[in-house]
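Please look over the sequence and the three-dimensional structure shown here before reading on. The report is written for someone meeting this structure for the first time.

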Amino acid sequence: MPAPQPQQPSQPSRESQSPHADQSPHADQSPHADQSPRADQSSRTAPSAPTTALSPVAVPPVLAEVVRSGFVEGRHRGSLVVLGADGAVELALGDVTAPVFPRSSNKPMQAAGVLRAGLDLAGERLALAAASHSGEPFHRDLVRKMLDEYGLDPALLQCPPDLPLDAEERDTYLASGAAPDRVTMNCSGKHTAMLAVCAQRGWPLETYLDPEHPLQRIIHRVVEDAAGEPVAAVGTDGCGAPLMAISLVGLARAFRSFVAAEPGSAERRVADAMRAHPEYVAGSRRPDTWLMREVPGTLSKMGAEAVQAVALPDGRALAFKVEDGATRALGPVLARALALLGVDGPVVDRIGRAPLLGAGREVGEIRAAF
């Protein structure tokens, strides 16, 4: 069924050190040593320095401020990188070479891995394979249709049962009496595509999320190829899939490589599908959708724990992570980073708007601080 057009979002709701033992020559003499106060005082020395020097801790810069009634009541720190069209680093805030878990910002690479493994997907189906969908009816319907097309039982999905990601859709879903479901979970499109290629290749279905599974090893290589660096660690994402850690520079480089890839390549096919069908990547009321719809040729994908990656059609790219994982800071930070790249217009203003409420009225905002 045709996807609805993007809508405006609803208002936001949601060292003291112990002295060392006396080290003077008089301290540990025979029991007859002078114990007078004067003798004791003269025998003492200042505490020695710690045996191990403490290295200074690098504190990430402030990316966003929480301002209520003109008072800064909180700050969100993080790291951000901007790449020029030639792939060179033009701006780096914080440590952009340290590995992070990109969370769902890895999904375009996972979808490309499914294509490299042999699954022929295109259009909305390929966009959904790279999605963190909102759980709207058109998302759920297409997941079920894809499962049917490949003869897959929904019970084979190993993502956890969940409610719709979008708050408005969640309310409607619950009001209908529906319960958490694997199909509704925002990663169900990715899991369906993974199962489909495993069924096609004759690979085990019950272990498709094992990091050593043939499919996951292909995805691992895709991530390294796109990022231009080795995967630093492998963890488990919220949906149960293997999660590969790379640096923010690597993440931005990966997105840039997707928009610059040769037409017909797995990477370019994913980028093209996402950009043509952004509602299936996110949803009707989501910033990724707005940006890809209103700035043609842009590739955008957020991830949990406040990660975001974007590539513009000319090869410029950005990636950032808010250290505390606060997704409320995503919009203002993204909007400011886009402005630094020369992207402007109503969509950037809409993405950057993050009002704070008091008694139901606007009394402040979350704003970028760089």
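What follows describes the chain as a whole, then one helix, and then one pocket.

The model is predicted, and its chain holds 13 helices and eleven strands. Of the 370 residues, 49% count as buried, while the chain exposes about 17,300 Å², of which carbon and sulfur atoms supply 51%.

Helix α6 covers residues 188-201, and its 14 residues reach 20 Å from the first C-alpha to the last, close to the 20 Å expected at 1.5 Å a residue. Because eleven of these 14 residues are buried, α6 is largely enclosed by the rest of the structure. Among the buried residues are Ser188, Lys190, His191, Met194, Leu195 and Cys198. The buried residues of α6 pack against four helices, which the table lists with their residue ranges.

| Helix packed against α6 | Residues |
|---|---|
| α2 | 107-116 |
| α3 | 123-129 |
| α4 | 137-149 |
| α7 | 214-227 |

Just after α6, glycine 202 takes a positive phi of about 75°.

Elsewhere in the description comes the second largest pocket, which has a volume of about 180 Å³. Its lining includes Ala58, Val59, Pro60 and Pro61, together with Ser79, Gly94, Asp95, Ala98 and Val100, and also Leu248, Lys321 and Glu323. By character, the lining residues of this pocket divide into seven nonpolar, two polar and three charged.

Key: Residues are numbered from 1 along each chain as its sequence is written. This is a predicted model: local features need pLDDT of at least 70, side-chain atom pairs count only at pLDDT 80 or more; totals for chains, interfaces and linings use all residues. Side-chain values use heavy atoms; hydrogens and water are left out. Helices (H or I, at least four residues) and strands (E, at least two) are DSSP runs, numbered from the N terminus. Buried means under 20% relative accessible area, exposed over 50%, partly exposed in between (1.4 Å probe, protein chains only). Accessible areas come from the Shrake-Rupley method with a 1.4 Å probe; for residues, only the protein chains shown count as cover. The expected span of a helix is 1.5 Å times one less than its number of residues. Contact means heavy atoms within 4.5 Å. On a 1 Å grid over the protein atoms alone, a cavity is a set of points where a 1.4 Å probe fits but cannot get out, and a pocket is an open set with protein on both sides within 12 Å along at least five of seven lines; lining residues have an atom within 4 Å of a point. Grid points are joined across faces, edges and corners, and a volume is the space filled by probe spheres set on the points. Ala, Val, Leu, Ile, Met, Phe, Trp, Tyr, Cys and Pro count as nonpolar, Asp, Glu, Lys and Arg as charged, and the others, Gly among them, as polar.
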